[in-house]
Amino acid sequence: MALRELTTNLKSLRYGKDRIGGGSSKEPFVTDSINSTPGDTGGPDFLLRANTLSRTGDDLSRIGQFMISPKGLQFAAKQNVLSRSGVRVQSSSDISFNPINDGVYLPTSTLAQVAVNAGGGHLLKQGLNPFRNTKPDDANTGIGFIDSILNTELPLSQPMYAQRVKTNQPPSKNRLTQLVNSKIGISQSNSNNNPINSFLDQITSSGVGGFFGGLLNNLTKPSSANGLNISQNANEILRYNGGPGSALGIGQTAISRVVDSQAYTENENFSKYNYLLNYSNIIGKTGDGIYSTSTPKGTTMVDFRSDLIDAQKDGINKDVLSTSLNYADSKERLGGRVNMGDPGRKGRNLINYTIGVQEGGKPTGPLDKINALPLYSSPQMITDTAVINDLVKFRIGILDNNKEGNYKTYVHFRSFIDSFSDNYSADWKNHQYMGRGESFYSYGGFKRQISMAWTVAALSIDELIPMYQKLNFLASSLAPDYSPQGYMQGNIAYLTMGGYCYEQPGIITGMNISPIKESPYEVNLDSTTGKKDGGKKTKELAMYVNVTGFNFIPLHNFVPRIQKNTYFGATIEGGGGNYISKFGKERFISLQNAKGNNYTQNNFTRPQPKENNNNDNQQVNKTEQSQGLNNSTE
């Protein structure tokens, strides 16, 4: 019979015997009559799409029959194994022994979800109560019996992190607090030091060996701290039953530590982990009278790093710690070294805002000595390091046009440098001649301009007015000065910024003063009466100010040209050149301070010629002596 002659009325198909050996799966679980009219959308549903309720009933019947079938029972078992193998969230101690980490799975939860699908409902798959509220406890509907259902937490429930871990968690249930108490603040024995325990760790934490974890744990592992799954093994942070480290939910999961911070002891010269101090060691050195009862409150302790450096000297040398200043000494800390003060220091009296900070019943005065340093006139800057010392020196002197002796008015600022650029430009004029395609150039001139921006900040009330007084004077230097005869004169400025510019003469062509809008403002209120005009120290001013657009054109005390250097008579081996022996006076970058510069003293050591060049060597020495090059000085 030809294949095209095979026909069916689509009603003679039979189900059953769809398994190997003639067994029947009894599927499909739900069937409909094939005699129904195509496109029939009739039904008693009200306010719903036609046949919604009947289709929901079919889905419930289909899923219900599947759940009691062998495959459905296997599906439910797999869901519980997956839940057991899931990551365990932080939970309170009363449910910490829940054997199923993510809550139990029951087929009834899936059936309940099928029932509410048509209405857009969403229920929980895990736990005994699929209607449980997933929001924090205070998210109630206001209907008592409904809230009692939504918020009921039955045994084997899915752990809701937002409900278990509160915003204000008590210390006994806060994992971070318990980690400090259980893992950092106390000494623990390290099971890695025991080969047997190390072997058992590998067996019980992951892989196929996880099958044995449940049996070996009670014999080898300490219990968790406070029910928060914090492991008592020094080489672990957390350990709990099941989880990703288990095998099909049998065994345990262990979260290991990268570094054991308990390895250091003060009685050892060195240890496995390069002289680490644990939490207790550091707290014991604070001297606050709270954590260390043997040390009176207020006692200044020696910097703990000095102990570690001494330990390195006695043991194996490690290039981990460098010798440092004694930061327990206030004069050697940053604020003390550069006279910045410590705005956050404890034990200060801040009750009177108009007077400012007080200690011992007396005002302490300005914190930042450089900020509070007033304008002064002098042939040279002051040398009192107890006042002007800074990480990078920064000052501007304005020459007094009408006073002999090179007097300058000096303005010192704290070196909060935001930007600095030194711009050089050369002017080359191009010429083009008839019959030539390229351009020819002739040198036309040279220009240089320094641009800067910096921030000034008042750290105390006593610094505010002096800071603005100095800004005012610097701004006034762009206006003219007048001679006794009435002639207008410009102002020459001397810029010093670190070792780059040192007393560099020049002219200031522009600057912008911008109080920072995000800065706190002094509003000039008396601290006792609350009225305006609180005192001479205060005005309505921003405490932080940006100085931008500061343009400075240097006036060189040498002829600007290429640097005229002197070189050794001996040539570089194999290169045919000469090493430098003396720098010329064309020093655009100063490299200078009050004690000298790095041009007049050349620290470069000339390589000695080979032994077979004795005659050349003697000739070179004679040449250097005749030119005075052995000790190059100006």
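In the predicted model, A493 has G506 in β13 as its bridge partner. The two strands concerned, β12 and β13, run antiparallel and are joined by four bridges. Three residues separate the strands of this hairpin, and G498 adopts a positive phi near 60° there. β12 also pairs with β6, again in an antiparallel arrangement, through five bridges. Within β12, L495 stands opposite I396.

β12 is mostly covered, with five of its five residues buried. The side chains of this strand alternate in direction: A493, L495 and M497 point one way, whereas Y494 and T496 point the other way. Residues on either side of the strand are buried.

In soluble globular proteins, nonpolar side chains tend to be buried together. The largest nonpolar core of the model contains 27 residues, of which I396, F413, M452, W454, L495 and F550 touch the most other members. Two or more residues are contributed by each of β6 (394-399), β9, α14 (461-476), β12 (493-497), β13 (501-515) and β16 (544-554). α14 supplies the largest share, five residues. Apart from this core lies another, of five residues, including L373, Y376, M381 and Y410.

W454 was examined for its contacts beyond neighbours within four places in sequence. These contacts are F394, I396, F413, F416, I417, D418, L474, V545, N546, V547 and F550. Among them, I396, F413 and F550 also belong to the group of core residues that touch the most other members.

At the surface, Y424, W428, Y441, Y443, F446, I589 and L591 make a nonpolar patch of about 720 Å². The elements giving two or more residues to the patch are β8 (416-431) and β9 (440-457). The contribution of β9, three residues, is the greatest. β9 is also one of the elements that give two or more residues to the largest core. I589, a further member of the patch, is found in the loop between β18 (578-582) and β19 (592-593). I589 counts as partly exposed because its relative accessibility is 31%.

A buried polar position was found in helix α2 (residues 70-84), which contains S83. S83 has a relative accessible area of 4% and is therefore classed as buried. With neighbours within four places in sequence left aside, S83 is in contact with I100, N101, D102, G103 and Q126.

Methods
Residues are numbered from 1 along each chain as its sequence is written. This is a predicted model: local features need pLDDT of at least 70, side-chain atom pairs count only at pLDDT 80 or more; totals for chains, interfaces and linings use all residues. Side-chain values use heavy atoms; hydrogens and water are left out. Patches are made of residues with over 30% relative accessible area and no salt bridge: like charges are joined within 9 Å, nonpolar side chains (Val, Leu, Ile, Met, Phe, Trp, Tyr) within 5 Å. Accessible areas come from the Shrake-Rupley method with a 1.4 Å probe; for residues, only the protein chains shown count as cover. A salt bridge is a side-chain nitrogen of Lys or Arg within 4 Å of a carboxyl oxygen of Asp or Glu. Buried means under 20% relative accessible area, exposed over 50%, partly exposed in between (1.4 Å probe, protein chains only). Contact means heavy atoms within 4.5 Å. A nonpolar core is a set of buried Ala, Val, Leu, Ile, Met, Phe, Trp, Tyr and Cys residues joined through side-chain atoms within 4.5 Å. Two strands pair if DSSP finds at least two bridges between them.
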